[in-house]
Amino acid sequence: MSWTFYNSNGEALVQGAVEATQAEMEAETAVTKFVPPDLVKHSPGVAKAWGSITSAGALETPDHGVSSVTDSSTGVRVLIWTTAFSSGDYAIGASNDGAGTADVQVMYYHEGGRTTTQVQALSYTGTSATDHPHSFVVFGDQ
């Protein structure tokens, strides 16, 4: 599909512009094409999911890309993705939101706990599993 972009005076700025495809976005090869808002999410540099989890195990709003969180046991949360990833190879960053709490670790990988549709989050204080509020951001291919 071809588009023509106009400035506020009605002058054509770009004629024959072509929309990038999802594959071109993911491969970062659409250097001469425009990216419409509905395809920006496919860029490798855009977070696919993010949010915060309370110490009680609830997903806080606003959030994005997470359909639900299950509180499995003390220190264990399972996040279910709204859209499956193309593989279990995605990056997750997390931060401890428990102000003033020392020695808290939040890990988003557990043996058998990361799949294309979900991931387990584990939190510890020292070597003990504990429930701590934390935030996360996820990058990968969906």
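The lining of the largest pocket in this predicted model contains no nonpolar residues, being made up by class of six polar and four charged residues. The residues that line this pocket are Glu26, Lys41, His42, Lys48, His64, Gly65, Thr82, Thr83, Asp141 and Gln142, and the space lying in the pocket amounts to about 160 Å³.

The chain that carries this pocket comprises one helix and eleven strands, which follow one another from the N terminus in the order β-β-α-β-β-β-β-β-β-β-β-β. Of the 142 residues in the chain, 29% are buried. In soluble globular proteins, nonpolar side chains tend to be buried together. In the present model, the largest nonpolar core has 13 residues, and those with the most contacts inside this core are Val66, Leu79, Trp81, Tyr108, Phe136 and Val138. At least two residues of the core are supplied by each of the strands β3 (49-53), β5 (66-73), β6 (76-81), β9 (118-125) and β11 (134-139).

Trp81, which is among the core residues with the most contacts, also takes part in the aromatic contacts of the model. A pair of aromatic rings is described by the distance of the centres and the angle of the planes. The structure holds three aromatic pairs; one of them, formed by Trp81 and Phe85, is edge-to-face, with a separation of 5.7 Å centre to centre and an angle of 75 degrees between the planes. In a second pair, the rings of Phe85 and Tyr90 have their centres 4.2 Å apart and their planes at 25 degrees, and this pair is therefore stacked, given that planes under 30 degrees apart count as such. Phe85 thus takes part both in the edge-to-face pair with Trp81 and in the stacked pair with Tyr90, and Trp81, Phe85 and Tyr90 form one aromatic cluster.

As to the solvent exposure of this cluster, Trp81 is buried, as is Phe85. For Phe85 the relative accessible area is 4%, and this residue is classed as buried because the value falls under 20%. The same cut-off applies to Tyr90, which has a relative accessible area of 5% and is therefore also buried. In addition to its stacked pair with Phe85, the ring of Tyr90 has a charged residue over its face, namely Arg114, at 5.0 Å from the ring centre.

Technical notes:
Residues numbered from 1 in each chain as written. Predicted model: local features only at pLDDT ≥ 70, side-chain atom pairs only at ≥ 80, totals over all residues. Heavy atoms only, no water. Phe/Tyr/Trp six-rings, centres within 6.5 Å; stacked < 30°, edge-to-face > 60°. Buried < 20%, exposed > 50% of the residue type's maximum accessible area, 1.4 Å probe, protein only. Lys NZ or Arg CZ within 6 Å of the ring centre and 35° of its normal. 1 Å grid on protein atoms, 1.4 Å probe; cavity = no way out; pocket = protein on both sides within 12 Å on 5 of 7 lines; lining within 4 Å. Points joined across faces, edges and corners; volume = space filled by probe spheres on them. Nonpolar A, V, L, I, M, F, W, Y, C, P; charged D, E, K, R; others polar. Core = buried A, V, L, I, M, F, W, Y, C linked by side-chain atoms within 4.5 Å. Helix = DSSP H or I, 4+ residues; strand = E, 2+ residues; numbered from the N terminus.
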